[in-house]
Amino acid sequence: MKHLNFFKILLPVLLLSAFATSAQARQYPDTLRVLYWNIQNGMWADQHNDYDNFVAWVRKYDPDVCIWCEAESRYISHQNVKMKEEDHYLIKGWGELAARYGHQYWEHGGHRDGFPQVVTSKYPIEVVSRIVGEEPDQVVTHGAGHFLLKIAGRKINIVTLHTWPQKFGYAAKDRKADAARNGGDAYRLMEMKYICSHTISQDKKADKHLWLMAGDFNARSIKDKEVYGWPDDDSRYWVHNYILENTPYLDVIRERYPDQFHETVSWPSRIDFIYCTPRLYDMITDARVVRDEWTGNIVKHPKFAFKYPSDHRPILVDIRLR
């Protein structure tokens, strides 16, 4: 009788444990799909359409995590006219928009101007830090962010960024003269050093941990020098040289396609990158710049510089979790 009572007590515990294990197995995927894209002024090209094309496109690829650059609405649809601030749907509307493609969680990085980065996810996002830099000489112009995802027993650090885009440095008084002395490249290098020093460089065992850094770097990599034809000491390589020489990060697209050049904009240039640490790279099963019926053919507006659906192409990475 005592044995029977013990079994009655033990059986619910075993069933509950089995259910919890089964539920966890269903909750987390075998593969984590990460999508990065600079969506040009908060997906300006599709905001008039209530983002229906954008939502359908994201749902088609069904990412688990999205990293968006230029994630704020800024201009009236199909015009080069800035909206009133109170009319900006994004960034405040990201929770509603992300829910339409199946993401319950969202956070934004350091938000200094109208070009923030936003992360959306099927899983909770922890904000480690929102990075904006320091006045007067270390301003991270478009901000950056450090986020943490805890998925299937793994901790994945995600760093987002969008560096200064101009040939002259931020706040340069004589822009022409500063551009002539590569002021923009020097400024981007400063931003990269600042971002790394406040993220991956603080982790003494980063090479053994899971780190991913994605964004619009507005800089070229020496790994693509066969396309650009510039000397090795060209200032346009400074940003990526710093990453490659001073961090454990690997350039995911170039590592996966060492003999191919995959441009991320509408001209022969690669300025959007996903980097990751060696341990995370070993878990990647697929990585590509997405060129499909919507993103493959970038079309310029006939009157001004904006493009359809964006002036950048997305990058998709699949990571094996189990």
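Which residues in helix 6 meet Trp238, Val239, Tyr242 and Ile243 in helix 8? They are Asp185, Ala186, Arg188, Leu189, Met192, Lys193 and Cys196. To meet, or be in contact, means to have heavy atoms within 4.5 Å.

This is a predicted model, where local features need pLDDT of at least 70, side-chain atom pairs count only at pLDDT 80 or more, and totals for chains, interfaces and linings use all residues. Residues are numbered from 1 along each chain as its sequence is written, and side-chain values use heavy atoms, with hydrogens and water left out.

## Two helices side by side

Back to the helix pair. Its residues in contact divide into eight nonpolar, no polar and three charged. Here Ala, Val, Leu, Ile, Met, Phe, Trp, Tyr, Cys and Pro count as nonpolar, Asp, Glu, Lys and Arg as charged, and the others, Gly among them, as polar.

Helix 6 spans residues 183–197, and helix 8 spans residues 238–246. Helices (H or I, at least four residues) and strands (E, at least two) are DSSP runs, numbered from the N terminus. The two axes come within 8 Å and cross at roughly 30°. An axis is a line fitted to C-alpha atoms, for helices over the stretch in contact, and angles run from 0 to 180 degrees between N-to-C directions. Helix 6 and helix 8 are therefore roughly parallel to each other. That label is for angles under 35 degrees; over 145 is roughly antiparallel, 65 to 115 roughly perpendicular, and the rest oblique. The crossing is right-handed. In a right-handed crossing the near helix is turned clockwise from the far one by less than a right angle; anticlockwise makes it left-handed.

Which residues of helix 8 are buried? They are Val239, His240, Asn241, Tyr242 and Ile243. Buried means under 20% relative accessible area, exposed over 50%, and partly exposed in between (1.4 Å probe, protein chains only). The cover over these residues includes helix 6, strand 8 (210–216) and strand 10 (272–276).

## The core

In soluble globular proteins, nonpolar side chains tend to be buried together. In this model the largest nonpolar core has 33 residues. Such a core is a set of buried Ala, Val, Leu, Ile, Met, Phe, Trp, Tyr and Cys residues joined through side-chain atoms within 4.5 Å. Leu32 and Ile319 have the most contacts inside the core. Beyond its neighbours within four places in sequence, Leu32 is in contact with residues including Asp64, Val65, Tyr123, Ile151 and Ile319.

## Two buried residues

Val140 sits in strand 6. At 1% relative accessibility, Val140 counts as buried. Leaving aside neighbours within four places in sequence, its contacts include Arg112, Ile131, Glu191, Tyr194 and Ile195. Val140 and His111 are 29 residues apart in sequence, and 9.7 Å apart in space, C-alpha to C-alpha.

Thr277 lies in the loop between strand 10 and helix 10 (278–281). Thr277 is buried too, at 0% relative accessibility. Again leaving aside neighbours within four places in sequence, Thr277 is in contact with residues including Ile200, Ala206, Trp211 and Tyr249.

## Partly exposed or exposed?

The table lists four residues that are not buried.

| Residue | Place | Relative accessibility | Class |
|---|---|---|---|
| Asp50 | loop between helix 2 and helix 3 | 46% | partly exposed |
| Ala171 | loop between strand 7 and helix 5 | 64% | exposed |
| Asp286 | strand 11 | 24% | partly exposed |
| Asn80 | loop between strand 2 and helix 4 | 44% | partly exposed |

Asp286 touches Arg256, Tyr257, Leu316, Val317 and Asp318, not counting residues up to four places away in sequence. With the same residues left out, Asn80 touches Tyr75, Phe304 and Phe306.

## Backbone details

Asp50 has a positive phi, near 55°, in a residue other than glycine. Ala171 is not a glycine either, and its phi is about 65°.

Where are the cis peptide bonds? One joins Glu135 and Pro136, with omega about 0°. Pro136 lies in the loop between strand 5 (125–134) and strand 6 (138–151). Another joins Tyr308 and Pro309, with omega about -10°. Pro309 lies in the loop between strand 13 (307–308) and strand 14 (315–320).
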